[in-house]
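Thanks for sending this one over. Here are my notes, point by point, to read with the structure open beside you.

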Amino acid sequence: MARVVVDVMLKPEILDPQGQAVQRALPRLGFDGISGVRQGKRFELEVEGPVDEAALARIRELSETFLANTVIEDFQVKVES
Amino acid sequence: MTARIGVVTFPGTLDDRDSRRAVRLAGAEAVPLWHRDKDLKQVDAVVLPGGFSYGDYLRAGAISRFSPVMETIIEQAKAGMPVLGICNGFQVLTEAHLLPGAMLRNTELHFVCRDQKLRVETSATAWTADFTAGQEISIPLKNIDGRYTADPRTLDVLEAEGRVVFRYATGGDGREGYGNPNGSLRDIAGITNEGGNVVGLMPHPEHAVETLTGTGRTDGLGFFTSVLRKLVAA
């Protein structure tokens with residue numbers, strides 16, 4: 001069984017107050033030198049059968065229609081070996 | 001015959017009972033609709049009430065949008081049927097692309113619950129005909145994912161076409177209930193589609209239909225009497 005990972009991130013121009021809250025907490029915890037944090041989602045899909053071009057096309061389709069809201073988010077599909 | 005207004009219940013919906021009560025108080029028949037049922041039972045209009053449908057999993061409204069009842073609602077809304085999305089219902093309408101833009105976590109990251117002052121920007125929709133443009137109303141607001149977002153071009157189109165229906169009233173010199181509670185772009189609280197039949201907003205008109213509860217005013221009733229008047233006239 002192959003695994004395909006879909007990373008979903010807010011578009012760069014969209015304000016991410018959750019990421020900002022994480023970043024603001026870092027110096028308090030003693031972690032310096034982090035100038036920005038953006039928070040996103042990672043989906044791990046266990047795929048039955050071969051991960052060929054057709055399977056990837058289906059996954060891109062489900063990512064675009066469902067996993068990501070492309071009004072506010074970008075997504076990236078990666079095959080894990 | 002009285003008009004029939006459907007109120008959808010998804011798993012996790014909270015405000016379906018209040019919405020049905022508001023519909024009845026306005027003088028229409030409230031028809032319960034179930035998320036798994038494609039059949040709209042010959043209703044003349046639909047209310048998508050607030051709550052946390054499907055637990056807000058993935059994104060608020062993202063899963064509800066693909067429920068069987070929404071298939072028919074999307075089709076009918078495109079054909080002109082009046083649809084009102086309140087709070088979670090508004091989120092469902094943007095996820096379904098019946099309304100442009102999207103809803104994000106409030107900028108302050110807090111759940112906000114308060115009586116909210118709104119400015120009605122247009123009475124030219126199926127759900128706001130009983131208001132006047134510029135009128136200030138007060139209805140409850142309760143959400144955490146209420147930050148309306150769209151790209152600048154979409155916002156310009158909405159403004160140019162008079163499709164911003166409500167804005168958070170920002171005057172009031174810091175008095176309670178004024179101000180933008182969630183960071184929505186251009187203080188937008190509610191919008192409509194090109195036809196004016198689909199309206200979505202974050203605050204809750206169905207909680208402000210009797211003086212005993214809610215804001216102590218009945219500003220929310222106008223939503224339901226507006227659509228009723230349109231349906232009776234049709």
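1. Let me start with the order of elements in chain A of this predicted model. From the beginning of the sequence to the end, chain A reads β-α-β-α-β. That gives three strands and two helices.

2. The three strands of chain A come together in an open sheet, and their order in it is β2-β1-β3, with antiparallel pairing. At the edges sit β2 (40–47) and β3 (73–80) of chain A, each of which pairs on one side only. From one strand to the next, the twist averages 20°. As a general reminder, strands of a sheet pair through backbone hydrogen bonds, in either a parallel or an antiparallel way.

3. If you would like to look at one pairing in detail, try strand β1 of chain A, residues 2–10. Eight bridges link β1 to β2(A), in the antiparallel sense. A handy place to look is D7(A), whose bridge partner in β2(A) is R42(A).

4. What lies across the strands of chain A? Helix α2 of chain A, residues 53–67, lies across β1, β2 and β3 of that chain. Relative to β3(A), helix α2 runs at about 150°.

5. Now for the overall form of chain A. A compact globule of 81 residues would have a radius of gyration near 12 Å, whereas the value for chain A is 16 Å. The C-alpha trace of chain A spans about 50 × 30 × 15 Å along its principal axes. Buried residues account for 11% of the 81 residues. Taking the contacts in chain A between residues at least 6 apart in sequence, 68% join residues at least 24 apart.

6. How does the radius of gyration of chain B fit the value for a compact globule? Chain B has 16 Å, which agrees with the value near 17 Å for a compact globule of 234 residues. Its C-alpha trace spans about 45 × 35 × 35 Å along the principal axes. In chain B, 56% of the 234 residues count as buried. For contacts in chain B between residues at least 6 apart in sequence, 76% join residues at least 24 apart.

7. Chain B contains 11 strands and five helices. Near the start of your reading, look at strand β1 (residues 4–9) and strand β2 (residues 29–34) of chain B, which run parallel and are joined by six bridges. Within this pairing, G6(B) has V31(B) as its bridge partner in β2(B). Together with helix α1 of chain B (residues 16–26), β1(B) and β2(B) make a right-handed β-α-β unit.

8. Helix α3 of chain B, residues 88–95, deserves a look of its own. Is this helix mostly covered or mostly uncovered? Mostly covered: eight of its eight residues are buried. Among them are F90(B), V92(B) and L93(B), along with N88(B) and E95(B). The buried residues of α3(B) pack against four strands of chain B, namely β3 (45–48), β4 (83–86), β5 (102–104) and β11 (198–201). After the helix comes H97(B), with a positive phi near 60°.

9. Finally, the place where the two chains meet. Eight residues of chain A and 10 residues of chain B take part in the contact. On the chain B side, the residues that touch chain A divide into four nonpolar, three polar and three charged.

Note on methods:
Residues numbered from 1 in each chain as written. Chains lettered and ligands numbered in written order. Predicted model: local features only at pLDDT ≥ 70, side-chain atom pairs only at ≥ 80, totals over all residues. Rg over C-alpha atoms; globule rule 2.2 N^0.38 Å. Buried ≥ 20, exposed ≤ 12 C-beta atoms within 10 Å, placed from the backbone. Contact = placed C-beta atoms within 7 Å. Pairing = 2+ DSSP bridges. Axes fitted to C-alpha atoms, helices over the stretch in contact; angles between N-to-C directions. Right-handed = clockwise from strand over helix to strand, strands pointing away. Nonpolar A, V, L, I, M, F, W, Y, C, P; charged D, E, K, R; others polar.
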